[in-house]
Amino acid sequence: MFSALKMDGVPLYDYARKGIPLPRPIEKRQVTVHSIELVEWRGNDHPYRWPDKVFSAEQKQALARSLSTVDRPTVSTITDDNDGGGVAESSESAVTSDEVPVAFVLQMRVSGGTYVRSIVHDLAHALGSAGHVVTLTRSRQKDYVLEPMEEGDRHCVPWEVFEAALEDAGEKDADGWTRWECEVLDKLDIVDGGVDKP
């Protein structure tokens, strides 16, 4: 798993990128997938394409080293017909440059601590294939949601508010707040006082 989770103070993606085996297996954690739904089948009608890059011999060795500590029953055996190095190499016969991969959109509702990219990876392997996440949108974080639909849902601050503030913070109002600060404060759930809400 190439994530920002840390082991011994080092993000897992650093181990993977440098080809360093993990000091110990990643601890399993209990998570709940409340729902998973296929919301859109894009088939081959999308802008995504197969990766162009082919691993160098050094990169193959680094990946093989980083995978050497992974629990084998959860990892598919990947072989390279050219050198037996244990890591796949793209070949012209497997994927042509004009071939477009299949894409689809999933919507999941999961418990905290769930690593969605791992779920996608595991689903693909269960189907005898490979898969990865191209785009990921977090639509809910506790009570904050992109589109409020339930009692108690709180609307997120639109990203455009921050983009506009970066370009021009704006003038302060009579209470000393800029427009973007007011929008942020309006969305906050102030638990322990200390800030006068505009």
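**Group meeting: a walk through a predicted chain**

Let's start inside. The buried residues of helix H3 pack against two strands, E3 (33–43) and E4 (103–110). Which residues of H3, spanning 116–126, are buried? They are Val116, Ile119, Val120 and Ala124. Around the helix axis these residues cover an arc of only 135 degrees, which puts them on the same side of H3. The general rule helps here. An α-helix has 3.6 residues a turn, so residues three or four places apart point the same way. What follows H3? Gly128 does, and its phi is positive, near 75 degrees.

Now step back. This is a predicted model. The chain has 198 residues, and 17% of them count as buried. Its secondary structure comes to five helices and seven strands. Along the sequence, the pattern reads β-β-α-β-α-β-α-β-β-β-α-α. Take the contacts between residues at least 6 apart in sequence. Half of those, 50%, join residues at least 24 apart. The exposed surface is about 15,200 Å². Carbon and sulfur atoms supply 52% of that surface.

Next, confidence. The average pLDDT of the chain is 79. Residues scoring at least 70 make up 79% of the chain. Which element has the highest mean pLDDT, and which the lowest? E3 is at the top, with 94. Helix H2, residues 57–67, is at the bottom, with 78. Then look at residues 74–93. There pLDDT stays under 50. For that stretch the model has 22 contacts beyond four places in sequence.

On to the sheet. Three strands form an open sheet in the order E5-E6-E7, with mixed pairing. Which strands stand at the edges? Strand E5 (140–141) and strand E7 (154–155) do. Each has a single partner strand, so one side of each is left without a neighbour in the sheet. As a general point, strands of a sheet pair through backbone hydrogen bonds, either parallel or antiparallel. E5 and strand E6, residues 144–145, run antiparallel and are joined by two bridges. Gln141 stands opposite Tyr144 in E6.

Between E5 and E6 there is a loop, and Lys142 lies in it. Is Lys142 buried or exposed? Lys142 counts as exposed, at 68% relative accessibility. Its phi is near 60 degrees, a positive value in a residue other than glycine. Most residues other than glycine have a negative phi.

Asp8 is another residue to look at. Asp8 lies in the loop between strand E1 (6–7) and strand E2 (10–11). Phi of Asp8 is positive too, near 55 degrees, and Asp8 is not a glycine. Asp8 is exposed, with a relative accessible area of 52%. The cut-off for exposed is over 50%.

Now three buried loop residues. Begin with His46. His46 sits in the loop between E3 and H2. Why does His46 count as buried? Its relative accessibility is 8%, and buried means under 20%. What does His46 contact, leaving aside neighbours within four places in sequence? The partners are Val100, Pro101, Val102 and Ala103. Look at Pro101 in particular. The backbone oxygen of Pro101 lies 2.6 Å from a polar atom of the His46 side chain.

Thr178 comes next. Where is Thr178? Thr178 is in the loop between helix H4 (159–167) and helix H5 (179–187). Thr178 is buried, with a relative accessible area of 5%. Its side chain makes a polar contact with the side chain of Trp180, at 3.1 Å. Not counting residues up to four places away in sequence, Thr178 touches Ala169, Gly170, Glu171 and Lys172.

Last stop, Gly19. Gly19 lies in the loop between helix H1 (12–18) and E3. Gly19 is buried, with a relative accessible area of 3%. How far apart are the C-alpha atoms of Gly19 and Glu58? They are separated by 9.3 Å, while the two residues are 39 residues apart along the chain.

To recap: H3 puts its buried residues on the same side, and those residues pack against E3 and E4. E5 and E7 stand at the edges of the sheet. And keep in mind residues 74–93, where pLDDT stays under 50.

Methods
Residues are numbered from 1 along each chain as its sequence is written. This is a predicted model: local features need pLDDT of at least 70, side-chain atom pairs count only at pLDDT 80 or more; totals for chains, interfaces and linings use all residues. Side-chain values use heavy atoms; hydrogens and water are left out. Helices (H or I, at least four residues) and strands (E, at least two) are DSSP runs, numbered from the N terminus. Buried means under 20% relative accessible area, exposed over 50%, partly exposed in between (1.4 Å probe, protein chains only). Contact means heavy atoms within 4.5 Å. Accessible areas come from the Shrake-Rupley method with a 1.4 Å probe; for residues, only the protein chains shown count as cover. The arc is that of the directions from the helix axis to the C-beta atoms. pLDDT is the predictor's confidence in each residue, from 0 to 100. Two strands pair if DSSP finds at least two bridges between them. A polar contact is a pair of N or O atoms within 3.5 Å; within protein, one must be able to donate a hydrogen and the other to accept it, and residues adjacent in sequence count only if both atoms are side-chain atoms.
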